[in-house]
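Hi,

Here's the structure I said I'd pass along. Have a look first, and my notes follow underneath.

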Amino acid sequence: MANKTWNVLVTGGAGYIGSHTVLELLEADFKVVVIDNLSNAYKGDNDVKPECLLRIEKLTNKQIAFIPCDITDINELRDVFKKNKYDCVIHFAALKAVGESCDKPLEYYKTNVNGTLNLLEVMKEYNVKHLIYSSSATVYGVPEKLPLVENMKIGNCTNPYGKTKYMVEEILKDLCTSDKEWSVISLRYFNPVGAHPSGQIGEDPNGIPNNLMPYIAQVSVGKREVLNVYGNDYDTVDGTGVRDYIHIVDLATGHVKAMIYQKTQNPTGFKAINLGTGKGYSVLEVIHAFEKASGQKIPYKVVERRAGDIAASYADAGTANKELGWQATKNIDDMCADTWKWQQNNPNGYKS
């Protein structure tokens, strides 16, 4: 199998992380089929493919097969597997906002857990047993100590989103124990930010952004008036929450490295791997870095803490380096500069 190009199915491939990973997969000469229900992607005027995939095709000069599909519908998934033979699945399709998950837990369990069960069921039916799963640092819950290492206890999650990621990891472990042919790599992301350096693809949230960097970017171009900083009384360097922000291109490259590892080393069983930089930045530090990159003042106000948030979280990324030969190469200045370029080029996201 190591001598042929893999055919990769990417679920949620029109989303923020999915689209950047699709671009990196194409650059690495993998064949890619994308499925997405477009609940969080701009479709545009094109009846065939969402705008972000059209832009990726232009950037890479390669074609992407796109199939509209909702993972909560198992029959739609079966149709996808009937049309092509896949060597591996990268599974991004999920709802992903911590705050929203506290308000709409049933939607999160339906999509993130039931949707994944549907996918696994169909993969099993079609004997596709290589999976790279889009997990999250939220599975660690409130950290017992920092940095976070993969063998630390997980499951003490502070919000339904994190619980769905934890539950799926447990399902994947049981699956790998029951059938030794499965090879699953669960990539635990820290906080993806930034955009492709071309300024052509980036984060384009529907409505009000749930994450810090796109909100700052929208304030910087006058789309939003002021940034809310949720709490300044945490036990951190300046009282604001600290997170391990990772450039989206570094994160996307981590998926390509994980796939090459699966393809060449043919590991079996379940393996969890952190993808982060190993360094935490506070909310105020991110604001100041963005002001430096953009030359814009970012007005902000401190408001109450948000339900489900923790004080600090950052990774030990040693396993990714040792197992996959991967490490983050871009810093907070790169993250802010590329976000600013994307926002300037696309003030209204893909609708621009």
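One term before the notes: contact here means heavy atoms within 4.5 Å. Bear in mind too that this is a predicted model.

I started with helix H2 (residues 51–60), whose buried residues are Cys52, Leu53, Arg55, Ile56, Glu57 and Thr60. They pack against helix H1 (16–27), strand S2 (31–36), strand S3 (65–68) and helix H11 (332–345). Right after H2 comes Asn61, with a positive phi near 60 degrees.

Now the sheet. It is open and has seven strands, in the order S3-S2-S1-S4-S5-S6-S11, with parallel pairing. S3 and strand S11 (269–275) are the edge strands; each has a single partner, so one side of each is left without a neighbour in the sheet. From one strand to the next, the twist averages 20 degrees. At the S3 end, S2 and S3 run parallel and are joined by four bridges, and Asp36 stands opposite Pro68 in S3. Helix H6 (residues 160–178) lies across strand S5 (130–136), strand S6 (183–189) and S11, at about 155 degrees to S5.

Then the interior. The largest nonpolar core has 45 residues, and Leu25 and Met259 have the most contacts inside it. Helix H8 (residues 248–265) gives the most to this core, with seven residues. Apart from this core lies another, of 26 residues, including Ile71, Leu77, Val80 and Val122. And which residues does Met259 touch, leaving aside those up to four places away in sequence? They are Trp6, Val8, Leu25, Phe30, Cys88, Ile90 and Ile132.

Cheers

How values were computed. Residues numbered from 1 in each chain as written. Predicted model: local features only at pLDDT ≥ 70, side-chain atom pairs only at ≥ 80, totals over all residues. Heavy atoms only, no water. Core = buried A, V, L, I, M, F, W, Y, C linked by side-chain atoms within 4.5 Å. Buried < 20%, exposed > 50% of the residue type's maximum accessible area, 1.4 Å probe, protein only. Helix = DSSP H or I, 4+ residues; strand = E, 2+ residues; numbered from the N terminus. Pairing = 2+ DSSP bridges. Axes fitted to C-alpha atoms, helices over the stretch in contact; angles between N-to-C directions.
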